[in-house]
Structure formats: structure tokens, C-alpha cells
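Dear colleague,

I am handing over the structure we discussed, with my notes below it. Please read the two together.

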Amino acid sequence: MHRMYLKDDLVVFWDSEKCYHSRRCVGSSTKIFDPLRRPWIDLSQGDMPEIWQAVSCCPSGALTCAYTHGIDVRFEEDSHRAAGYDGDKQIGVCLYREGEDSWSIVSTRVDPAYGGKGIAKRLVYAVTEAAEKRKQNVIPICSYAVKVLEK
Ligand code: SF4
């Protein structure tokens, strides 16, 4: 399972396949991380230092984070994509193809002027999260999606 959580200008990524339930994040903040709650991560329950502390103490790499840099990432099902926008300008896209019970991520691109800001990862997560919520398997085909989703 892959999920993104947003608070102000911070995005936290959680990859359940990397999580080995050390519970260090829970020990860091029982308000933000509650394994009995759904969703179990609620960034509104903590402040930025607490969130940073929790992410940085995760030993597995299951929790990571990035700043939004003011870029809005939207899942656009009708277009079979997630897209990133700087205002009205589209600056990145992650495209998928629908199969019978799977979505294949075929291309992820970000304008090089916006590189290194975690936007491509957000795009891949947006598609993956949408697929998982629809009970679709995700097949990463483009090399970037393979890298982001590798176990
Ligand atoms: S600290 Fe990381 S590995 Fe441990 S439970 Fe939290 S997310 Fe999972």
C-alpha cells in the first residue's frame, strides 16, 4: 500500500511494503501515528518538528517526505494520469494504461526545470494510491515508477 499525506507545504509518503512495524514513528508521536485508526497517519495531529522527527527516525525507508514547492498534484482519471501544476502550467505527468485488473504505469515525466523536488514521486504515488483504492494491481513499466515502487 502506498499513501501520501499533506500538511501545509509538506508531503509525507508511506510505503507499507517497506514498513516492518518497528513502531518508532508511533513512539515519536502517538497522536500522528495510531495503528488502530484509519487512516493511521493524521498529520493534522502534530506540528512540523514532530512530523520531521517521526519521518527521520523511520529505520526502513517506509516513511519519506518532500516539500510541495507550491506544486499541485492532481489525479485525473478521465485522462488516465496524475499531473503536476505550477499555477495553470502543467509541469509533469504520470500516465497509466488500464488492464483487466491492473494499471500499468507507462510514463513519468517532469519538466527538467522542476527536477529534484520530489514531484515525479508524488505523481507515481498519486496513480498508485488511486489504483490501490480501486483494488487494481499496479505494474510499473517506466523506469522511474519501477525505482519508486521497488521493494
Ligand atoms: S517507523 Fe517506519 S518502519 Fe517503523 S512502523 Fe513507522 S513507518 Fe513502519
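The shell around the ligand divides into seven nonpolar, three polar and two charged residues, where Ala, Val, Leu, Ile, Met, Phe, Trp, Tyr, Cys and Pro count as nonpolar, Asp, Glu, Lys and Arg as charged, and the others, Gly among them, as polar. Among the residues surrounding the ligand are Cys19, His21, Arg23, Arg24, Cys58 and Leu63, each with its C-beta atom, placed from the backbone, within 6 Å of it.

Residues are numbered from 1 along each chain as its sequence is written. This is a predicted model, in which local features need pLDDT of at least 70 and side-chain atom pairs count only at pLDDT 80 or more, while totals for chains, interfaces and linings use all residues.

The largest nonpolar core (buried Ala, Val, Leu, Ile, Met, Phe, Trp, Tyr and Cys residues joined through C-beta atoms within 7 Å) has 31 residues. The helix α3 (119-133) gives the most to this core, with eight residues; helices here are DSSP runs of H or I with at least four residues, and strands are runs of E with at least two, numbered from the N terminus. Domain 1 (2-67) and domain 2 (72-149) both contribute, so the core lies between them, the bounds coming from an automatic or database domain assignment.

In α3, 11 of the 15 residues are buried, so the helix is largely enclosed by the rest of the structure; buried means 20 or more other C-beta atoms within 10 Å of a residue's own, with C-beta atoms placed from the backbone. Just after α3, Lys135 takes a positive phi of about 60 degrees.

Best regards

Technical notes
Buried ≥ 20, exposed ≤ 12 C-beta atoms within 10 Å, placed from the backbone.
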